[in-house]
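Let's take a walk through a protein model together. Have the 3D view ready to turn as you read.

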Amino acid sequence: MHSLPLLLLLLWSTGSHSFPVATSEETQEQELETVQKYLENYYNLKSDWNPIERQRKSGLVVEKLKQMQEFFGLKVTGKPDAKTLNVMKQARCGVPDVAQFVLTEGNPRWERTHLTYRIENYTPDLPRADVNYAIEKAFQLWSNVSPLTFTQVFEGQADIMISFVRGDHRDNSPFDGPGGNLAHAFQPGPGIGGDVHFDEDEWWTNNFRNYNLYRVAAHELGHSLGLSHSADIGALMYPNYIFTGDVQLSQDDIDGIHTIYGPSKNPIQPIGPKTPQVCDSKLTFDAITTIRGEVMFFKDKFYMRINSFYPEAELNFITVFWPNLPGGLQAAYEVADRDEVRFFKGHKYWAVQGQEVLPGYPKDIYRSFGFPATVKNIDAAVFEEHTGKTYFFVANKYWRYDEYKRSMDAGYPKMIAADFPGIGNKVDAVFQKDGFFYFFHGTRQYKFDPKTKRILTLQKANSWFNCRQK
């Protein structure tokens with residue numbers, strides 16, 4: 001094993017408290033080699049094994065680490081902490097985040113809007129028909145939002161040649177075996193320009209198991225059309241592999257392809273989902289709950305969370321924690337003494353412990369809680385620890401449920417405005433912390449004392465994220 005740059009070893013000693021516990025010096029060496037290779041592969045860090053030259057250029061390692069951390073929205077320290085290492089170990093596209101695979105100077109694009117593609121060979125992991133379908137769907141994603149059209153050809157040279165290869169396949173960008181670098185594509189241009197290569201050492205699937213061919217192909221074709229990587233975690237062009245069960249272009253992806261080729265010829269322009277920004281003063285939430293001491297906020301397909309270890313808000317897909325939960329959750333609450341969290345959407349709910357959805361779920365809210373059929377969904381819910389009661393908010397009313405008797409209390413529903421004065425007639429989300437209720441409606445947050453029935457403070461909904469509001 002090559003000795004690693006001196007600066008990385010120094011970074012280990014000064015920042016080791018941020019790492020998972022290392023079991024040996026060999027483990028530390030492996031982690032540092034991960035950093036070295038990652039920065040070389042994706043951030044244009046030049047490999048130089050001359051000891052004197054390494055020390056002279058060691059500041060470049062810090063700068064490249066900072067560049068990588070900024071791209072992924074991590075805390076910018078220039079040190080390889082645990083979160084940075086975690087991102088580096090995720091499967092991803094082989095196209096660099098900086099120093100892109102450019103074949104010509106400038107920003108390459110296809111000069112015509114009708115392009116051809118050919119699948120040169122097929123992976124044995126899937127039936128040929130499934131491969132054809134996945135590639136066709138991936139092209140349709142981009143043709144639906146742009147003036148581009150694509151036709152498959154079965155012989156000769158096509159604009160975009162697609163193949164499954166492994167290891168060193170003679171394009172100066174060798175694959176690295178299972179995991180890590182999944183595929184890569186080249187920007188528009190002659191010869192190899194636009195071509196897509198999939199690593200045959202991966203296991204290609206048509207479902208949620210690693211790795212979904214449609215998902216990876218859709219990303220790589222973005223490169224074939226001239227797009228580079230996006231720092232937006234909700235974008236298809238985000239470099240790391242994330243499969244949430246559906247494959248769609250975000251507004252960031254659509255804006256990118258429009259910048260190169262202009263809008264679609266469709267009379268109604270397609271609109272993609274936008275990734276929530278934690279420091280957006282207009283941010284609202286679908287649901288909020290505590291989970292084992294942390295507060296988790298939910299919006300569309302995403303969660304946001306804060307804790308004492310990482311005060312910067314973390315944003316990621318709900319499916320990272322709970323692959324079987326849907327997006328667009330409408331309510332959630334924790335029963336801490338059972339170590340159970342319940343998530344609601346429509347008339348169904350799921351119960352989880354840790355990262356496991358409990359067997360037998362989803363269940364319906366009518367049979368489990370006794371809601372009338374007129375209740376189509378729950379807007380918000382919160383469990384009050386010292387009374388054992390859960391409050392369910394629906395439109396301008398609320399119900400109270402006894403968790404120990406497992407029945408609704410008599411005399412409900414009641415009007416929200418009557419028993420929670422000052423918070424309005426509608427609740428988007430609510431959670432309890434330190435004996436107080438935190439109600440959310442739109443961009444406002446109300447800290448409410450249930451004992452005195454008074455509002456204590458009024459703040460922005462995203463005030464938990466340590467943002468400097470403009």
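**Hollows first, then the sheet**

We'll start inside, with a small number to look for: the second largest cavity has a volume of about 70 Å³. Keep in mind that this is a predicted model. Where does an idea like "empty space" come from? Rolling a probe the size of a water molecule over the atoms shows where empty space is left.

Who lines the second largest cavity? Among the lining residues are Arg92, Cys93, Leu182, Arg215 and His219, along with Tyr238, Pro239, Asn240 and Tyr241. Sorted by class, this lining comes out as six nonpolar, two polar and three charged residues.

That cavity has company, since you can find five cavities of 30 Å³ or more in the structure. The largest cavity has a volume of about 150 Å³. Its lining is made of 17 residues, and Arg215, Gly234, Gln248, Lys301 and Phe317 are the closest to its centre. Did you spot a name you've met already? Arg215 also belongs to the lining of the second largest cavity. As for classes, the largest cavity is lined by nine nonpolar, five polar and three charged residues.

Now for a pocket, which is open rather than closed off. The second largest pocket offers about 520 Å³ of space. Of its 22 lining residues, Lys37, Asn41, Tyr42, Asp176 and Asn181 lie nearest the centre. Which element gives the most to this lining? That would be helix 2, residues 25–42, with seven residues. The pocket also brings two parts of the chain together: domain 1 (32–45 + 56–89) and domain 2 (114–261) each supply at least three lining residues. By class, count seven nonpolar, 10 polar and five charged residues here.

Next, turn to the sheet. Strands of a sheet pair through backbone hydrogen bonds, either parallel or antiparallel. In this model, five strands form an open sheet with mixed pairing, in the order 2-1-3-5-4. Strand 2 (149–152) and strand 4 (183–185) sit at the edges, each pairing on one side only. On average, neighbouring strands are turned by 20° against each other, direction ignored.

Zoom in on strand 1, residues 114–119, which pairs with strand 2 in the parallel sense over four bridges. One spot to find is Thr116, which stands opposite Thr151 in strand 2. Packed on the sheet is helix 6, residues 128–143, which touches strand 1, strand 2, strand 3 (160–165) and strand 5 (196–199). The direction of helix 6 makes about 160° with that of strand 1.

How values were computed
Residues numbered from 1 in each chain as written. Predicted model: local features only at pLDDT ≥ 70, side-chain atom pairs only at ≥ 80, totals over all residues. Heavy atoms only, no water. Pairing = 2+ DSSP bridges. Helix = DSSP H or I, 4+ residues; strand = E, 2+ residues; numbered from the N terminus. Axes fitted to C-alpha atoms, helices over the stretch in contact; angles between N-to-C directions. Contact = heavy atoms within 4.5 Å. 1 Å grid on protein atoms, 1.4 Å probe; cavity = no way out; pocket = protein on both sides within 12 Å on 5 of 7 lines; lining within 4 Å. Points joined across faces, edges and corners; volume = space filled by probe spheres on them. Nonpolar A, V, L, I, M, F, W, Y, C, P; charged D, E, K, R; others polar. Domains from an automatic or database assignment.
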